[in-house]
Amino acid sequence: MKGNKTTGAILLACSLLIAFIAGKEFKKMREPEPIVKGEGVTQVKMLSEYFPDIKGTNMDTEIYVLKGKEKGGSTLILGGTHGNEPSGLLSAVLFIENAKVDKGTVYVIPRTNNSGYTHNDPQEGSPQRFTIKTKDGDRWFRYGSRATNPLDQWPDPDVYIHASSGQQLSGNETRNINRAYPGRPDGTSTEKAAYAIVQLIKNEKIDMTIDLHEASPEYPVINAIVAHDRAMGIASNTVMNLEFEDVAIGLEPSPVSLRGLTHRELGDFTDTYAILMETANPAQGRLRGKTNEALVVTGVDPTYVKAQKLGRLFVPFDEKGHPLDERVSRHVGSVVELIKVMGENEPEKEIIIENVPTILEIRENGIGNYLNKVTKN
Ligand SMILES: [Zn+2]
């Protein structure tokens, strides 16, 4: 009897220790990475200002406003729709920390599904954080999840039914904000966040919304722009202009039957031009090898080189991989071009934006060169 008690006490102590260590790691993901406002940021708002129901929840998120002196058009840049697609977050951060707007207004949300950054996907072995070297030391960022944290929305149904269309998807997609648009004020946490984004677009009369994503190299829609019907003109001119700069990028029309996504629902439910972009992230691919911080940042993976030789990929893939620098340069360069084309087509929607590094500069100097110094208060 005494022996049983001792064994029990040891087992209890061990499980408490494991719970403590795991809990500490899990809690670390609640701490947001520092974002250092650049000179161009005129205001920082919270998404809950457009839908107070999400105030104080993990669905609330920061909106950085860069407003020019002169009146013009407006654009909303959505980074971090999916927390495991880091080029979206980093591109948004690059705009926040560098861009200066002379005319019009640029709204940037770096973590669109903020809750997705508080955990990462189970059984994927993803790192919780990765670091970027800058001239002032390392900057760290979280590698989050595609979905809302189950602590913020639970349990998942067996089948997720998209509210406005009745489209059916697997149950875990109920926590994917990019299947939840246009959202519902009385829906799930994820639907409420989507609803808040729609209110922001309507209230601020956003002319163009650009949602930044990544996908695995074996996914057919990659290095591509997906555009809503009304945004096809802007998107096709942009693709042509980027080709002159030697950036190969595909153009896909937003499928009418695919519901809940930004490029479909934001275009249908608001007056915004809705655009989504994808870059190639081997760290989220099914064919990847070792999953670690290096893979996230360098995008180098010998397994993908092999897959490319077998003709299984939709992007070129050699020993140089697809580094985060290249992926961010694509997003940033395309956003600048989309904004320029919109202003050329419709002068009343012109936005004049300065000090954003070019595609070539980001590739040559690296993202770290355009991240500001973090100073502790
Ligand atoms: Zn995505």
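What follows is a friendly conversation about a predicted model, covering its zinc site, its helix packing and the burial of some residues.

Colleague: Let's begin at the metal. Which protein atoms are the donors of the zinc ion?

Modeller: They are ND1 of His-82, OE atoms of Glu-85, listed twice, and ND1 of His-213, at 2.1 to 2.4 Å from the zinc ion. Donors have to lie within 2.8 Å of the metal, so these atoms qualify.

Colleague: What makes the arrangement around the zinc ion irregular?

Modeller: The 4 donor atoms subtend angles of 58 to 154 degrees. A tetrahedral label needs all angles between 85 and 135 degrees, and a square planar one needs opposite donors over 155 degrees apart. The range fits neither, so the arrangement is called irregular. For orientation, ideal angles for four tetrahedral donors are 109.5 degrees.

Colleague: How are the donor residues spaced in sequence?

Modeller: The pattern is H-x2-E-x127-H. His-82 sits in the loop between strand S3 and helix H2, while His-213 belongs to strand S9, so the pair ties together parts 131 residues apart in sequence. Both His-82 and His-213 are buried.

Colleague: On to the helices. Why are H2 and H8 called oblique to each other?

Modeller: Their axes are 9 Å apart and the helices pack at about 55 degrees. Roughly parallel requires an angle under 35 degrees, and roughly perpendicular requires 65 to 115. The angle of H2 and H8 falls between those classes, and they are therefore oblique. Their crossing is right-handed. Among the residues that meet there are Leu-90, Leu-94 and Phe-95 from H2, and Val-328, Val-332 and Val-335 from H8.

Colleague: What makes H4 oblique to H8?

Modeller: The axes of H4 and H8 come within 9 Å and cross at roughly 125 degrees. That makes H4 oblique to H8, because roughly perpendicular ends at 115 and roughly antiparallel starts over 145. This crossing is right-handed too. Residues of H4 that take part include Ile-234, Thr-238 and Leu-242, and those of H8 include Leu-338, Val-341 and Met-342.

Colleague: How do you know whether Lys-306 is buried or exposed?

Modeller: Lys-306, in helix H7, has a relative accessibility of 59%. Exposed means over 50%, so Lys-306 counts as exposed.

Colleague: And what about Ser-126, buried or exposed?

Modeller: Ser-126 lies in the loop between strands S4 and S5. Its relative accessibility is 18%. Buried means under 20%, so Ser-126 counts as buried. Setting aside neighbours within four places in sequence, Ser-126 contacts Asn-120, Tyr-143 and Thr-291.

Colleague: Why is Leu-76 called buried?

Modeller: Leu-76 is part of strand S3 and has 0% relative accessibility, so it counts as buried under the 20% limit. Beyond residues up to four places away in sequence, Leu-76 touches several others, including Tyr-107, Ile-109, Ile-197, Leu-200 and Met-208.

Colleague: What makes H5 largely enclosed by the rest of the structure?

Modeller: Of the 8 residues of helix H5, 6 are buried, so the helix is largely enclosed by the rest of the structure. The buried ones are Thr-262, His-263, Arg-264, Glu-265, Leu-266 and Gly-267.

Colleague: Which elements do the buried residues of H5 pack against?

Modeller: They pack against S3, helix H3, S9, S10 and S12. Two of these names came up earlier: S3 holds Leu-76, and S9 holds the zinc donor residue His-213.

Conventions
Residues are numbered from 1 along each chain as its sequence is written. This is a predicted model: local features need pLDDT of at least 70, side-chain atom pairs count only at pLDDT 80 or more; totals for chains, interfaces and linings use all residues. Side-chain values use heavy atoms; hydrogens and water are left out. Donors are N, O and S atoms within 2.8 Å of the metal (3.2 Å for Na, K and Ca); water is not among the atoms, so sites may look incomplete. Four donors count as tetrahedral if all angles lie between 85 and 135 degrees; four count as square planar and six as octahedral if opposite donors are over 155 degrees apart and all others between 65 and 115; anything else is irregular. Helices (H or I, at least four residues) and strands (E, at least two) are DSSP runs, numbered from the N terminus. Buried means under 20% relative accessible area, exposed over 50%, partly exposed in between (1.4 Å probe, protein chains only). Axes are lines fitted to C-alpha atoms, for helices over the stretch in contact, and angles run from 0 to 180 degrees between N-to-C directions. A crossing is left-handed if the near helix is turned anticlockwise from the far one by less than a right angle, and right-handed if clockwise. Contact means heavy atoms within 4.5 Å.
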